[in-house]
Amino acid sequence: MAAIELHNIDVQEFLAEIDTCEGDVFLVTDEGDRLNLKSKLCQLIGLTKLIEGGKISNAHIECQNPEDESKLFRFNMFGNK
């Protein structure tokens with residue numbers, strides 16, 4: 001699994017994009033927490049402590065599915081275009 005560093009993303013759009021992923025998507029914090037973002041409970045718990053002003057900071061994403069990784073990498077770079 002490769003890691004995607006998050007850069008100033010819109011949280012709601014990002015979660016909507018994760019919902020379209022086929023495999024598991026993990027949020028990994030600098031502290032080593034690993035949360036499966038396909039779970040709505042993990043989204044709630046994990047993202048609330050990482051959000052600053054509506055943006056995610058200090059975390060990266062790991063995907064099991066290479067296509068999901070490509071999709072989220074493009075979203076991270078270009079937004080929801």
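A salt bridge, as the term is used here, is a side-chain nitrogen of Lys or Arg within 4 Å of a carboxyl oxygen of Asp or Glu. Keep that in mind, as we will meet such pairs later on our walk through the structure.

What you see above is a predicted model, where local features need pLDDT of at least 70, side-chain atom pairs count only at pLDDT 80 or more, and totals for chains, interfaces and linings use all residues. Residues are numbered from 1 along each chain as its sequence is written, and side-chain values use heavy atoms, with hydrogens and water left out.

Let us begin with confidence. The score called pLDDT is the predictor's confidence in each residue, from 0 to 100. Its mean over the chain is 81, and 81% of the residues reach 70 or more. Confidence is highest in strand β3, at a mean of 89, and lowest in strand β5 (residues 55–56), at 58. Where pLDDT is low, the predicted coordinates should not be read in detail.

Now for the overall plan. Helices (H or I, at least four residues) and strands (E, at least two) are DSSP runs, numbered from the N terminus. The chain holds 3 helices and 6 strands, and their order along the sequence is β-α-β-β-α-β-β-β-α. Contact here means heavy atoms within 4.5 Å. Of the contacts in the chain with a separation of 6 or more, 68% are between residues 24 or more positions apart.

How much of the chain is hidden? A residue is called buried under 20% relative accessible area, exposed over 50%, and partly exposed in between (1.4 Å probe, protein chains only). By that rule, 41% of the 81 residues are buried. Accessible areas come from the Shrake-Rupley method with a 1.4 Å probe, and for residues only the protein chains shown count as cover. The chain's accessible surface comes to about 4,800 Å², with 51% of it belonging to carbon and sulfur atoms.

A good place to step inside is strand β2 (residues 25–29), where 5 of 5 residues are buried. Val25, Leu27 and Thr29 are covered on one side, and Phe26 and Val28 on the other. Two strands pair if DSSP finds at least two bridges between them. With β6 (residues 59–63), β2 runs antiparallel and is joined by 5 bridges. Along this pairing, phenylalanine 26 has glutamate 62 as its bridge partner, while threonine 29 is matched with alanine 59.

Strand β2 also pairs with β3 (residues 34–36), again in the antiparallel sense, over 3 bridges. There, valine 28 stands opposite arginine 34. The two strands form a hairpin with 4 residues between them, and glycine 32 in the turn has a positive phi of about 95°.

Strand β6 is covered as well, with 5 of its 5 residues buried. Ala59, Ile61 and Cys63 lie on one side, and His60 and Glu62 on the other. Besides β2, strand β6 has another antiparallel partner: β1 (residues 3–5) is joined to β6 by 3 bridges, with isoleucine 4 and isoleucine 61 as bridge partners. Just past β6, in the loop leading to α3 (66–78), sits asparagine 65. Asparagine 65 counts as buried because its relative accessibility is 17%. Leaving aside residues up to four places away in sequence, asparagine 65 touches Glu22 and Gly23.

Back to the charged pairs. Side chains of opposite charge can pair when their charged atoms come close. How many salt bridges does a search of the whole structure find? The search finds 2. In one, aspartate 19 and lysine 40 meet at 2.8 Å, N to O. Aspartate 19 belongs to helix α1 and lysine 40 to helix α2, so this pair ties together parts 21 residues apart in sequence. Aspartate 19 is partly exposed, at 43%, and so is lysine 40, at 49%.

Another salt bridge links arginine 34 and glutamate 62, whose closest N and O atoms are 2.5 Å apart. Arginine 34 lies in β3 and glutamate 62 in β6, so the pair ties together parts 28 residues apart in sequence. Arginine 34 is partly exposed, with a relative accessible area of 42%, whereas glutamate 62 is buried, at 15%.

Our last stop is helix α1 (residues 11–19), home of valine 11. Valine 11 is buried, since its relative accessible area is 11%. The C-alpha atoms of valine 11 and leucine 47 are 8.5 Å apart, although 36 residues separate the two along the chain.
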